[in-house]
Amino acid sequence: MTISLPTRPIGGDISAEEQQFNDLIAQDSRIEPRDWMPEAYRKTLIRQIAQHAHSEIIGMQPESNWILRAPSLKRKAILIAKVQDEAGHGLYLYSAAQTLGVGRDEMTEQLIAGTARYSSIFNYATPTWADMGSIGWLVDGAAICNQVPLCRASYGPYGRAMVRICKEESFHQRQGFEILLELMNGTPEQRQMAQESVNRWYWPALMMFGPPDDDSPNSARSMAWKIKRFSNDELRRRFVGMLVPQAEVLGLTLPDPDLTWNEEKQAYDMGQPDWDEFHEVLAGRGQMNAQRMQRRRDAHDEGAWVREAAAAYAARQSATTERVVA
Ligand SMILES: [Fe+2]
Ligand SMILES: [Fe+2]
């Protein structure tokens, strides 16, 4: 289901700028902030990049919850580094969105007011240490599958931000895998904790690719604009194909009784996530929606003095520079 963009004027009603935009897309070239772009393209990107940035920031919470309880100094150091990486991802992405003319304050206000979305996966609880393994292996793993194609997104600042983010995500995925591997090499209780955690995270991780293709109305346009390169279902299939051999190494069972190799299709047949649950969490009625939002609002309020101090410092610096220049 692809829509092709017109590559030559139809009845002369395409402006030279629009023609140039269409040509750049057709050539797999990049759109940069100074280039003309259709308003709908700009709006789609702002929505997607801001949503992605918010997900990185809210996504710090389920794991920061475990920093003080990490089972060793090594695990604590790794977890702190990972949560800090996620903050960095949020910053790259907010910067990319700002090049489209939206203010950072505006995006933050929308997140705090609850009018902007973030990935539903972060509205699930993390009751055990094994969840740190499952988040790395499954959630960061799904993020990689989603984001590697975004490195080639047609909008330059977004694609370039994704390159660095993907490098860090692959470290995140490996550290999650390693947590699970260590648990699976441990006591029966540790193995049970790992399996039970994977049972809880597997389906929500598959939901991260979004609704099924026939229920994803904006996908075709995003693909025509080369923001998105693969459909939700295609990415989901790829992800599961990546997980199966890794689950075998770990000795973990993926909780899908319908998961079987289809020789003819050369791909896995699989069951469907609970889409009712997906819509419930999206509507704000997941396990942790209210807590995540409250924590974010509190952190914003508690950080007010830092923002004020930074603004005062910047004002003093620019006043000093002006005096020096004068
Ligand atoms: Fe991230
Ligand atoms: Fe990550």
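**Entry 1. Helix α12**

I looked first at the side of helix α12 where A290, D301 and E302 are exposed. I took exposed to mean over 50% relative accessible area, buried under 20% and partly exposed in between, with a 1.4 Å probe and protein chains only. Helices (H or I, at least four residues) and strands (E, at least two) are DSSP runs, numbered from the N terminus.

The structure is a predicted model, in which local features need pLDDT of at least 70 and side-chain atom pairs count only at pLDDT 80 or more, while totals for chains, interfaces and linings use all residues. Residues are numbered from 1 along each chain as its sequence is written, chains are lettered from A and ligands numbered from 1 in the order in which they are written, and side-chain values use heavy atoms, with hydrogens and water left out.

I then noted the residues of α12 that are buried: N289, R292, M293, R296 and H300. Seen down the axis of α12, these buried residues fall within an arc of 95 degrees, so they line one face of the helix. The arc is that of the directions from the helix axis to the C-beta atoms. I recalled the general rule that an α-helix has 3.6 residues a turn, so residues three or four places apart point the same way.

I also checked the span of α12, which has 14 residues (289–302). At 1.5 Å a residue the helix should span 20 Å, and its end C-alpha atoms are 20 Å apart, which agrees. The expected span is 1.5 Å times one less than the number of residues.

D301 lies in helix α12 and has a relative accessible area of 56%, so it counts as exposed. I found its C-alpha atom separated by 57 Å from that of E264, although the two residues are 37 apart along the chain.

**Entry 2. The second largest pocket**

I recorded about 530 Å³ of space in the second largest pocket. Of the 19 residues that line this pocket, the closest to its centre are I57, M60, R296, A299 and H300. A pocket is an open set of points, on a 1 Å grid over the protein atoms alone, where a 1.4 Å probe fits, with protein on both sides within 12 Å along at least five of seven lines; lining residues have an atom within 4 Å of a point. The volume is the space filled by probe spheres set on the points, which are joined across faces, edges and corners.

Which helix gives the largest share of the lining? I found that α12 does, with 5 residues. Helices α3 (61–64), α4, α5 (104–113) and α12 each supply at least two residues of the lining.

**Entry 3. The iron ion (ligand 1)**

I listed E56 (OE), E86 (OE), H89 (ND1) and E169 (OE) as the protein donors of the iron ion (ligand 1), lying 2.0 to 2.2 Å from it. Donors are N, O and S atoms within 2.8 Å of the metal (3.2 Å for Na, K and Ca); water is not among the atoms, so sites may look incomplete. Along the chain the donors follow the spacing E-x29-E-x2-H-x79-E. E56 lies in helix α2 (residues 39–58) and E169 in helix α7 (residues 156–184), so the pair ties together parts that are 113 residues apart in sequence. I found both E56 and E169 buried.

The angles among the 4 donor atoms run from 86 to 144 degrees, and the site is irregular. Four donors count as tetrahedral if all angles lie between 85 and 135 degrees; four count as square planar and six as octahedral if opposite donors are over 155 degrees apart and all others between 65 and 115; anything else is irregular.

**Entry 4. The iron ion (ligand 2)**

I listed E86 (OE), D140 (OD), E169 (OE) and H172 (ND1) as the protein donors of the iron ion (ligand 2), at 2.0 to 2.2 Å. This site, with angles of 86 to 161 degrees among its 4 donor atoms, is irregular. The two iron ions are 3.4 Å apart, and E86 coordinates both. E86 lies in helix α4 (residues 73–98) and E169 in helix α7, so the pair ties together parts that are 83 residues apart in sequence. E86 has 5% relative accessibility and therefore counts as buried.

**Entry 5. Two loop residues**

I noted that Q266 has a phi near 55 degrees, a positive value in a residue other than glycine. Q266 lies in the loop between β1 (260–262) and β2 (267–269). Its relative accessible area is 48%, so Q266 is partly exposed. K226, in the loop between α9 (219–224) and α10 (232–250), has a positive phi near 60 degrees.
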